[in-house]
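This briefing is meant to be read with the sequence and the coordinates open side by side. It takes up the ligand site, the empty spaces in the protein, and a few local features.

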Amino acid sequence: MKIGFVGLGQMGSAMARNLLTAGHELTVYNRTPGKADALAKDGARIASSPADAAKGVEAVLTMLADDPAVAEVTFGEHGIASGLPAGSAHLSLSTISVALARRLADEHRARRQNYLSTPVFGRPESAEARKLLVVAAGETAAVDRYHLIFEAIGRQTFVAGAEPWQANAVKLCGNFMIGSMMEAFGEAFATMRKAGIDRHLFLDVMNELFGSAVYRNYGGLIANEKFTPAGFRLRLGLKDVRLALEAAEELGSPMPFASVLRDHFISALANGQEQLDWSSVALVAARNAGLESSTKS
Ligand code: NAP
């Protein structure tokens, strides 16, 4: 399939590579140019703009940081909306707001283009290993048409509904669940330290109890305070919990835990954790308990 891909950050570059490996004809674009070079060596064409990446393709995929980036790349000058053929689709993989997903659906429809929200679960290592979970939403025919793309980037695809924004609601609530788990680990580990109990012992008990790869991975990162390199930057984590709260407010569904999480992400940023992984939000609970980071003590 002829595919355009815009946004070659940690996640996007791994996904674009898997599309190439699966045999798709790929055109790539990234705002900072050097990031496309490795893919070009392996056969991707480098586009001169997002519009150029969308020209003549069946689908253009975006994997960008946040709402402003997706809006600019889509609707800005030389944006993909101006290059994408009628009948082709924009698949948005980024974690964005439900409000922007609605705008994307409306504005692409007005241009007779399709739009699908297709956010993903999984960190950059999962993206490389083609183990992402894809949550897709939009018109059934369009979701079916692009199944080969989902198979090339992930291990399983879930269809959330016929309205694209529904997939974004799933993604935002899923990240809220992961954030809540990290907060819970932070609080429990702080209490364990004060009780003189080894965090790894506690983690072993929890792993046996929950039997979850997500608990195992994040619990290990937090127990070892391995917050660099940041697989998912803390500022993007704050973005996601903020967007979950926005969606919940609009839908009239209070999420008090999410409010606490948002404040702890703000506290983490205020304490200089900008460059750390989002799992470092667990350090907030340690600080609240009067504990130094154990890597410093
Ligand atoms: P990242 O490594 O920071 O990459 C962000 C990408 O967005 C880069 O290609 C960057 O271009 C581009 N970008 C940012 N602002 C832009 C703008 N104004 N115009 C054009 N391009 C812009 O982030 P990531 O970790 O790959 O995450 C990307 C998305 O996936 C986010 O929505 C995130 O929430 C979501 N996500 C991340 C993970 C994870 O574990 N990392 C997992 C699931 C979902 P430059 O190279 O020019 O800066």
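The points below are grouped by topic, beginning with the ligand.

The structure is a predicted model. In this model, 27 residues surround the ligand, and the protein covers 89% of the 900 Å² of accessible area that the ligand has on its own. Elsewhere, the count of cavities of 30 Å³ or more comes to two, and the structure holds 15 salt bridges.

**The ligand and its shell**

- Among the residues that surround the ligand, the closest are Asn 30, Thr 32, Lys 35, Gly 231 and Lys 239.
- Two backbone contacts involve oxygen of the ligand: a backbone N or O atom of Met 11 lies 2.9 Å from an oxygen atom of the ligand, and a polar backbone atom of Ala 65 is 2.9 Å from an oxygen atom of the ligand.
- A side chain takes part as well, with a polar side-chain atom of Glu 72 placed 3.5 Å from a nitrogen atom of the ligand.
- Taken together with its other surroundings, the ligand has 89% of its 900 Å² of accessible area covered by the protein, and the elements that give two or more residues to the shell are helix H1 (10–21), helix H4 (67–75) and helix H13 (234–251).
- Helix H4 provides the largest share of this shell, with three residues.
- By class, the shell around the ligand divides into 11 nonpolar, nine polar and seven charged residues.

**The second largest pocket**

- The second largest pocket holds about 220 Å³ of space, and of the 13 residues that line this pocket, the closest to its centre are Ala 105, Arg 109, Asn 114, Tyr 115 and Glu 139.
- Two elements give two or more residues to the lining of the second largest pocket, namely helix H6 (98–110) and strand S6 (114–117), and S6 gives the most, with three residues.
- Six of the residues in the lining of the second largest pocket are nonpolar, three are polar and four are charged.

**The cavities**

- Rolling a probe the size of a water molecule over the atoms shows where empty space is left.
- The largest cavity contains about 100 Å³ of space, and its lining consists of Gly 186, Phe 189, Ala 190, Arg 193, Arg 199, Ile 222, Glu 225, Phe 227, Ala 282, Leu 283, Ala 286 and Leu 291.
- Helix H10 (165–194) and helix H15 (282–288) are the elements that give two or more residues to the lining of the largest cavity, with the largest share, four residues, coming from H10.
- The residues that line the largest cavity divide into eight nonpolar, one polar and three charged.
- The second largest cavity has a volume of about 30 Å³, and the residues that line it are Asn 175, Phe 176, Gly 179, Gly 237, Asp 240, Val 241, Leu 261, Phe 265 and Trp 278.
- H10, H13 and helix H14 (256–270) are the elements that give two or more residues to the lining of the second largest cavity; H10 is thus also listed for the largest cavity, and H13 is also listed for the shell around the ligand.
- Five nonpolar, three polar and one charged residues make up the lining of the second largest cavity.

**A salt bridge across the sequence**

- One of the salt bridges joins the side chains of Arg 17 and Asp 42, at 2.6 Å from N to O.
- Arg 17 lies in helix H1, whereas Asp 42 lies in the loop between helix H2 (37–41) and strand S3 (45–46), so the pair ties together parts that are 25 residues apart in sequence.

**Backbone features in loops**

- Most residues other than glycine have a negative phi, and most peptide bonds are trans.
- The peptide bond from Thr 228 to Pro 229 is cis, with omega near -10 degrees, and Pro 229 is found in the loop between helix H12 (213–223) and H13.
- Arg 112, a residue other than glycine, has a positive phi near 60 degrees, and Arg 112 is found in the loop between H6 and S6.

Notes
Residues are numbered from 1 along each chain as its sequence is written. This is a predicted model: local features need pLDDT of at least 70, side-chain atom pairs count only at pLDDT 80 or more; totals for chains, interfaces and linings use all residues. Side-chain values use heavy atoms; hydrogens and water are left out. On a 1 Å grid over the protein atoms alone, a cavity is a set of points where a 1.4 Å probe fits but cannot get out, and a pocket is an open set with protein on both sides within 12 Å along at least five of seven lines; lining residues have an atom within 4 Å of a point. Grid points are joined across faces, edges and corners, and a volume is the space filled by probe spheres set on the points. Ala, Val, Leu, Ile, Met, Phe, Trp, Tyr, Cys and Pro count as nonpolar, Asp, Glu, Lys and Arg as charged, and the others, Gly among them, as polar. A residue is near a molecule or strand if one of its heavy atoms lies within 4 Å of it. A polar contact is a pair of N or O atoms within 3.5 Å; within protein, one must be able to donate a hydrogen and the other to accept it, and residues adjacent in sequence count only if both atoms are side-chain atoms. Accessible areas come from the Shrake-Rupley method with a 1.4 Å probe; for residues, only the protein chains shown count as cover. A salt bridge is a side-chain nitrogen of Lys or Arg within 4 Å of a carboxyl oxygen of Asp or Glu.
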